[in-house]
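User: Could you take a close look at one part of this model with me? I would like to understand the pocket and what surrounds it.

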Amino acid sequence: MSFADRVRRERAGNVFLVRGNDSTGRAAWYFLLVDPAKRTAFQRASAGELELNAYGRIIASGYGAGPPAAVRARMRTEYGFTGE
């Protein structure tokens, strides 16, 4: 396994697709790379209102119901994201 594959595998469990509304009420989606030490806290809090930057780093975002196929493909390639 290459170094890149190893990093991708480690990150995959810490990348989450978050859907909701931004601070103005507009529908938005975010891919969040969660700090491993904050993963449990993020998962507990994810049903409510969140300050995403408190849990990790936003690696992609946009407006609408969900991310376009090109962004999903990039998340799969770069971060190993395979979730919803």
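Which element gives the most to the lining of the largest pocket, and with how many residues?

Analyst: Happy to walk through this with you. That element is β1, which contributes four residues to the lining of the largest pocket. Before going further, please keep in mind that this is a predicted model, in which local features need pLDDT of at least 70 and side-chain atom pairs count only at pLDDT 80 or more, while totals for chains, interfaces and linings use all residues. Residue numbers start from 1 along each chain as its sequence is written, and side-chain values use heavy atoms, with hydrogens and water left out.

Let us stay with the pocket. The term stands for an open set of points on a 1 Å grid over the protein atoms alone where a 1.4 Å probe fits, with protein on both sides within 12 Å along at least five of seven lines, and lining residues have an atom within 4 Å of a point. The largest pocket holds about 380 Å³ of space, a volume that is the space filled by probe spheres set on the points, which are joined across faces, edges and corners. Its lining is made of 15 residues, and N21, D22, Y30, L50 and L52 are those nearest the centre. By type, five residues of the lining are nonpolar, six polar and four charged; here Ala, Val, Leu, Ile, Met, Phe, Trp, Tyr, Cys and Pro count as nonpolar, Asp, Glu, Lys and Arg as charged, and the others, Gly among them, as polar.

Where does β1 sit in the fold? The protein chain has three helices and three strands, arranged along the sequence as α-β-β-α-β-α; these are DSSP runs numbered from the N terminus, helices being H or I of at least four residues and strands E of at least two. Just ahead of β1 (15-21) comes N14, in the loop that follows α1 (3-12). N14 has a relative accessible area of 11%, so it counts as buried (under 20%, with exposed meaning over 50% and partly exposed in between, using a 1.4 Å probe and protein chains only). Beyond its neighbours within four places in sequence, N14 is in contact with L32, L33, V34, P36 and R39, where contact means heavy atoms within 4.5 Å.

β1 also takes part in the largest nonpolar core, being one of the elements that give two or more residues to that core, along with β2 (27-34), β3 (56-63) and α3 (69-79). Such a core is a set of buried Ala, Val, Leu, Ile, Met, Phe, Trp, Tyr and Cys residues joined through side-chain atoms within 4.5 Å. This one has 11 residues, among them V15, L17, W29, F31 and A60. A60 is in contact with W29, Y30, F31, V71, R74 and M75, again setting aside neighbours within four places in sequence. Y30, already met by the pocket centre, belongs to a second, separate core of nine residues that also includes A28, L32 and F42.

Now for the residues around the end of β1. A27, in strand β2, touches G20, N21, Y63 and G64, not counting residues up to four places away in sequence. Because its relative accessible area is 36%, A27 is partly exposed. Y63 lies in strand β3 and is likewise partly exposed, at 49% relative accessibility. With neighbours within four places left out, Y63 is in contact with D22, R26, A27, A28 and W29; its C-alpha is 9.6 Å from that of G20, although the two are 43 residues apart in sequence.

G66 is placed in the loop between β3 and α3. G66 touches R19 and W29, counting only residues over four places away in sequence, and its C-alpha lies 8.9 Å from that of A27, 39 residues away along the chain. G66 is partly exposed, at 30% relative accessibility.
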